[in-house]
Every structure is written in structure tokens, then in C-alpha cells.
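Me: Can you walk me through how this thing packs? I'd like the cut-offs along the way.

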Amino acid sequence: AAMRSRAEVDATLQTAKLNPAELLPVVQCLSFGPQAGGGECCLLQLEPGLCAELEAGRSLVIRGEKDEHAVLCSKDKTYDMKIADTSNMLLFVPGYKTPEELKADLALGNIIYSQIAGFSKNYWELRRCRPKLKKLRKLLMEDPYEGPDSRKDESTFSKYTTEDLLSLIQASEEEILHQLQVIDACKIEGYWRILDFDYEMKLLNHVTQLIDSESWPLSKVPLCACLEELGSLEPREMIEHILLSYGRKFVDDGEVFFEMREDKICRAIAQMLLQNAVKFNLSEFEEVWQQSVPEGMTTRLDQLQGLALVDKSSRPETIFLLKVEDLPEDNQERFNSLFGIRQKWTEVDITPYIQDLCAEKQTVGALLTKYARSSMLNGVKVYNSRRPIS
Amino acid sequence: SGGTGALAQWVLVELQGEVEPRQSGDLAGSLLGDLHYTCEGVPVLIVGHHILYGKVVQLEKPFAVLVKQGGAPQPSPTEPHGHYTVTALIKTKLLFKTRPKPIITHVPKKV
């Protein structure tokens, strides 16, 4: 199509009865570019911080398999994506110049031709969400590491590198790496692995027995000595890994030590005891549990939050294994599952099982208001399902 | 994925209603209209027989313009799977929401 001339523009102004003296000398003739109707461009509305990230040269990635809702990930955050419709037409035009710039740049002449690159009636909206990390554990549990003697370890089929995880998990890189640390995953031959629980307990037991026989203080366990004494039984990397998982590393006078984490060790031993039966008599369990933990450690029921649940309504009182990481990730599904296990919950009991659902500034109370109904039972506030459970 | 080097700055032009080509056929290549600014910086868009007065709005939430890679079939409107490149950022929009003033082109001849 022939380009408009300045004379044609002026003629239009005259017909429109606009006074050129009231307008800037430069006109922009907008026409639709060759790709304009192609639908290859789309708009993404940016949450605070993302614009700066892009300008700093960092990437945003859209992640999700065909059966998953897509999420957008920056370096350290995850966002749900949703289409927003406007009733208006949005045209996007390259090469924006402000009126001030148009005034100032005398070299522009009196006519500019701008091509509209694309147009749309909708755009992508973002909303910060919890990273979808349950899949991470699920993937790594496909092939837990059972130790160097295990014959299973030959195939690489169910093994995942960092890159594999980045392409499969709907979360930002930082969120994924952080979660790997939280679940005590370790890298073995380039693949991220979770330890098989029995193997993990075997390693822990080596360490706690050594601490006991050497009479080391639980707050200062020397790395070198552990590696020396246990190196013939297990790979050194595994000994160090178990110390890192169950202790806090520190350096004193150039030497590496670990302050053993009492709560975590007691919790692991409880899991080991509880996983062998559907439920236990509470007082019997508490006795066996205390006897099973290392000398100098004290067991407390609050160490088992999110791991086990006490049934105070049964006679005698019982305790059973209920791991929060085994429950659904979706909010509604999580609550359905919890109310299926127990009809009425106190806030104290349910909190460890819904804490991880809280969004950035959300409280457990807000979640309960949304997904549960409260009532009084024997003078205590309890929560039950909003909907009838079939 | 993001861009390397400085990202281009584009502008959004927001219009009410639909945009239709004057002649039948594709929109591609066809003229939209003339964009002027008054001396005070008010954008004025002449589209067909309409004069649209607008305003320059700094966007609270800027937009990124994503271009789908690979020339694959059109992305589904509900799921943006695939690879995208950020081509440009949009921090400003020209909002034309005032009722268009029609341009009267036919002036009856004086007898």
C-alpha cells in the first residue's frame, strides 16, 4: 500500500477541522504490519519486580506439561498464568516516542511511519503462587538410593539431573534447589537422589553408635573422625551427607564439627517405629521411643508435627503415622483428605497439616475460614468440612 | 525466555471496539490512522471518519510482548505451552476511550 504523504495528512486535518497550530509538527501514520494478524505475539502483564528482572537480562520461563496448568517462573518465584479479557482492542506498536521526544528530535521531519506489530483483546495475567514441588519428591522417590551395594542402581531411567528437574517441575530454579535441600536430597554421580529410609536410618545409626562409643558431646561431633571410623562401612560422601542432614556444620579451630539436631533425630526414629504398624498405643510408643533415641536426647510429641497424629478420643490413646508430604498439594483436595481422616480437628492438630498451603501473606486462620466450618465441641473450637463427605 | 541486551520499548494503543479493515481482506498492510499530539501532549488519533482524543497512561504493571518461537500452530488461548521470547517491554499506553467525534466529510454545496 502506498505510504501516506504529509499533504494527505494535512488534508485530513483540514477535513477534521483540527488546527495544525495546536498540534506538534510530527504525525505518526499507523498501519498494520505484515505479521499483525498472525497471533504470534501476545501480551504478558508483569508483576512488580519482573520488569526489572527482564531489563537486567534475566529470563522468565513458562513451565508445564500438557496436562498441567502453565506457570511462569522467574529465577526465584513461581506465578500462575490466567487469561484476562478486556473489552477493548490492544494494539502494540514498536518504537515508542513520548511527545517530549517528538518535540525535541528535529531530525524526525514531519511524518513518521509506524507499523503495528500485533493486536489482542486479551493478555496473560500473573498471580504469585506456591511452587508445585510435590512432584519433585515423587520423581526422586521413583528410585531411592539404597547404598552402594544395591544392585538396583544400574539404570539411569528414573534418575534426574538438575536440568531434568528444571524442565519437569513447575517452580523456579531457586525454589527447586531450596526444596532439594529441605528434603535432604544429594547428588550422586550427577543425579539428585533421595535416600531410601532404611538406608538412611542405617547411616544415622552408625553415626549415633559412634558418638555413643566415643562419648563425644552431641553438640560437637568431629567430621574427620567419623569419616575415619566409618569409612570402611559406608561411602565417605554418605557419612558426610548424613551428618549434614542431621546436624549443623560449624568450624572450630580449622576443624569441621557437627552439632547434632536432637529434634530431627528423634523424629526420624519415631518414623522408623511408627511405620511398622497401623497405630500404636500412645504410652507404649512414648516409652519405646525414648529408649530408642541416643543417650542424652529427649523425645517430645511436638517433634512429630506433620508426621504423626495422636488420637485422644480412643481408649487407650493411640498414635499413627500421617505424613504431610503424602497428602494432596491442592488446597481443596488437602482439606478433603484431612476431613476424610478425621471429621473434626482442633486448630492445634490441623495446623501442621495445612501450614505449607499458606500463600505469601496468608495465615492458617485465613485458610480455615475459607475451607472449613467451625463449631464448639466440649468447650473446644473444632473445624470440620464445609461440604458433606460421601 | 528473556532477552539479552537492552529490550525494546513499545507502546500500547488501546481502542474501544473492533478494528476492521476498510476494504475486504487482511488487516495486514492496511492503514489504521494518523496519530497526532496536541502541544500539551494529548494524543489525537484520526481513524477513518472519527477523531479520538486520548491520554498517555504510565502503566502500573508493564507488559512484556511475547513472541512464540518455532512458527508452530497458534497457541491455544487457554494454555501458553511452548517457547516464547520476550521481544519488548511496554510501560506506556495511549488510551483512547472518549467517544469518537465523527468527521463530517460531506459539506452540502451552497446554492
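**Helix packing and cores**

Reply: Helix 7 of chain A passes helix 10 of chain A in a left-handed crossing (left-handed if the near helix is turned anticlockwise from the far one by less than a right angle, right-handed if clockwise; helices are DSSP runs of H or I, at least four residues, and strands of E, at least two, numbered from the N terminus). It's a predicted model, where local features need pLDDT of at least 70, side-chain atom pairs count only at pLDDT 80 or more, and totals for chains, interfaces and linings use all residues. Residues are numbered from 1 along each chain as written, chains are lettered from A and ligands numbered from 1 in written order, and side-chain values use heavy atoms, leaving out hydrogens and water.

Me: Which residues of helix 10 of chain A make the contact with helix 7 of chain A?

Reply: Contact means heavy atoms within 4.5 Å. Helix 7 of chain A brings Phe197(A), Met201(A) and Leu204(A). On helix 10 of chain A, the partners are Ile265(A), Ala268(A), Gln271(A) and Met272(A).

Me: Which helix gives the most to the largest nonpolar core?

Reply: A nonpolar core is a set of buried Ala, Val, Leu, Ile, Met, Phe, Trp, Tyr and Cys residues joined through side-chain atoms within 4.5 Å (buried is under 20% relative accessible area, exposed over 50%, partly exposed in between, with a 1.4 Å probe and protein chains only). The largest one has 42 residues, and Leu243(A), Met260(A) and Trp289(A) have the most contacts inside it. Strand 8 (186-188) and helix 11 (282-292) of chain A are among the elements supplying at least two residues each. The top contributor, with eight residues, is helix 7 of chain A.
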